[in-house]
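Trainee: I have a new structure to look at today, and I would love some help reading it. Could we go through it together?

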Amino acid sequence: MGNSDSRAATPREKRGPFDDEERRILEKIWEELCTHDSDLETAFKVYFWEFWPDADAFAAFGEAMFTVVSAGQELSLPAFAQGVAQLSRGSSREMLKGVFQVGLALQEPEEGLTKEGLTEEGLTEEGLAKALWVCYHLSAHESGASWPVLGEPSALRSAAESAWKHARKPPSSPLDLQDFTLWCNEECPFLPWALATGVQNLLFGKVGLTVPPGFKKFLLPVFEEEMRVAEVTPAVAGGLFWLACTERDVMGALMKRLYASYADGKSFPRLMSQIEGWGGPSLFLILETETTRELTAEEVFEGKSERSSDEKLASCFGAYTGTPWKERNTFYGDSKAFLFQLAPECRVMRPKSTRGREPFTTQYLNTKGHALPHGLGLGGRVDPSDGKAHFHLFIPDTLDGCTGAASSRFFASGALSVRSTFSIDLMEVWGVAKDERARAAALEAQNEARAERTRTIEKARKVDKAAFMGTEFDRSAFLGKTFNNGARGTEQQREELLDRFKR
């Protein structure tokens, strides 16, 4: 094809998914594993643990890698290459099975069952949480310091639980490969990419090899400034990883912090001035103040609750909006917006299809018009029966008495906050851009919007003083002392003063 790079120009050989240079690297790694001082299983753990000693998940990945490679066959270089291929270069179905097998390898065998027996029974919540925990750290290792180390898989437990809810199975029932595949395809389609990208980076990226053509690379969003919400609640970091595995618009996005309650103050005017004009999508992260959970109707009827009514809980939730924010005395938006909860549960509430009957009204920002409430809302409409506006999520201009409904006309059903009325503990708003070019364009649009707002304010502040000089009545009514002081001034002085006003 006229390309001087033989690796890029020559199709991959039929011997496998690796080219000659990659095979040489695999041979070198295998030799290093085989010459380790301890047994081969320990060698796998140590080899991968050394990439990130602070993250226990890397040792866990080494254990899972050993189990996948050695499953049902003699340990050898071909078996090692085959295992790497399944986790990073296989078909979508093979890579899905690879994530499934990582979970199987890491979950604790139940009493009376071996790991082989569990393989037949299926995946437990513990096993899937550990698989997600491993995939999170493989991705965080590539993304840098903005993502914290999660010491325990429990931070990914909520994300794992969503698979059982999708399959409509009780937590005690194992998840088989078919249920896991359906969950991944429908709710977490980019999870296999996370594992494949992590394996690619660890084995080949460290020596400078680029990904092969057609490789689907997974990247966590890049937060340019402090993300305190995730530091306060570790489960939020796990939830954001799950959200990146779920939503293409979040995966690999550049995040510029537009507003933070701890840096900019809890002020609605400040919030407005920081987000308005940003020429791109935005991501809201809200951590509510701890409160007691409302009992459901079923719990009240049964007289008991899984969580006692006096237990303190705090939800972390948010919204993604595709349309730039602008103050309007009406609703607007598009089908790209969605709501989500990251803790204590992981779920996404996507917009419902209107089938062209009415426009999407996913966004709302109003502080001037009096026909509708002042504040910021998502998923709103005016009820014709009472003429009042109802929202899935609404933040008043006082920042007090915020409301989160369990359902709305334009978003799928799902609660955001612990109670229907909540208080904000922390709030961050991030400007989203798919790349540096989009980020620069969005920032330029915001700077222009701010400049236009400044020009409008300055124009309103200026008074055309010469306009007061038009008639004798104006001069007498507004500047009477100046023009009626004949005893102390001359006609010439009054003319000079008039010229100065006109200038």
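Mentor: Gladly! Keep in mind that this is a predicted model. Let us start with a charge and a ring: the charged end of Arg 328 sits over the ring of Tyr 332, 4.2 Å from its centre.

Trainee: Arg 228 also lies over the face of a ring; which residue does that ring belong to, and how far is Arg 228 from the ring centre?

Mentor: This is a second case of a charge over a ring, with Arg 228 placed over the face of its partner. The partner is Tyr 262, and the distance to the ring centre is 4.0 Å.

Trainee: Tyr 332 falls in strand 7 (residues 331-332). How does strand 7 run relative to strand 10, parallel or antiparallel?

Mentor: Strand 7 is joined to strand 10 by 2 bridges. One partnership to find on your screen is Phe 331 with Tyr 364 of strand 10. The direction of the two strands is antiparallel.

Trainee: Which residue of strand 11 stands opposite Tyr 364?

Mentor: Strand 10 (residues 363-366) is also joined to strand 11, by 4 antiparallel bridges. Within that pairing, Asn 366 stands opposite Gly 375. Opposite Tyr 364 you will find Gly 377.

Trainee: On strand 11, are the two faces covered or not, and which residues tell us?

Mentor: In a regular strand, side chains alternate between the two faces of the sheet. We can therefore check each side of strand 11 (residues 375-378) in turn, and both turn out to be covered. One side has Gly 375 and Gly 377, the other has Leu 376 and Leu 378, and all are buried.

Trainee: What is the bridge partner of Leu 378 in strand 14?

Mentor: Strand 11 pairs with strand 14 (residues 393-396) over 4 bridges, in the antiparallel sense. Follow the bridge from Leu 378 and you arrive at Leu 393.

Trainee: Now for the open sheet: which strands stand at its edges?

Mentor: The sheet has 7 strands with mixed pairing, in the order 1-2-17-3-6-8-9. An edge strand has a single partner, so one of its sides is left without a neighbour in the sheet. The two in that position are strand 1 and strand 9.

Trainee: Which residue of strand 2 stands opposite Phe 223?

Mentor: Strand 1 and strand 2 (residues 254-260) run parallel and are joined by 2 bridges. Across from Phe 223 in strand 2 is Met 255.

Trainee: How far is the C-alpha atom of Met 255 from that of Lys 434?

Mentor: Lys 434 lies in the loop between strand 17 (424-433) and helix 17 (436-461), and it counts as exposed because its relative accessibility is 69%. Along the chain, Lys 434 and Met 255 are 179 residues apart. Their C-alpha atoms are separated by 9.0 Å.

Trainee: How many aromatic pairs are there in the whole structure, and what kind of pair do Trp 147 and Phe 223 make?

Mentor: The search finds 26 aromatic pairs. For Trp 147 and Phe 223, the ring centres are 5.8 Å apart and the planes meet at 65°. Planes over 60 degrees apart count as edge-to-face, so this pair is edge-to-face.

Trainee: How far apart in sequence are the parts that this pair ties together?

Mentor: Trp 147 is buried at a relative accessible area of 2%, and Phe 223 is buried at 5%. Trp 147 sits in the loop between helix 8 (125-143) and helix 9 (157-167), while Phe 223 belongs to strand 1. The parts are therefore 76 residues apart in sequence.

Trainee: Let me try a helix: do the buried residues of helix 2 line one face, and within what arc, or is the opposite true?

Mentor: Helix 2 (residues 20-34) has buried residues including Ile 25, Leu 26, Ile 29 and Trp 30. On the other side, Arg 24, Lys 28 and Glu 31 are exposed. Seen down the axis, the buried residues line one face because they fall within an arc of 160°.

Trainee: Helix 11 is among the elements covering those buried residues; how many of its own residues are buried?

Mentor: Helix 3 and helix 5 are also included in that cover. Helix 11 is largely enclosed by the rest of the structure, because its buried residues number 13 of the 13.

How values were computed
Residues are numbered from 1 along each chain as its sequence is written. This is a predicted model: local features need pLDDT of at least 70, side-chain atom pairs count only at pLDDT 80 or more; totals for chains, interfaces and linings use all residues. Side-chain values use heavy atoms; hydrogens and water are left out. Buried means under 20% relative accessible area, exposed over 50%, partly exposed in between (1.4 Å probe, protein chains only). Two strands pair if DSSP finds at least two bridges between them. Rings of Phe, Tyr and Trp (its six-membered ring) pair if their centres lie within 6.5 Å; planes under 30 degrees apart count as stacked, over 60 as edge-to-face and the rest as tilted. A charge sits over a ring if NZ of Lys or CZ of Arg is within 6 Å of the ring centre and within 35 degrees of the ring normal. The arc is that of the directions from the helix axis to the C-beta atoms. Contact means heavy atoms within 4.5 Å.
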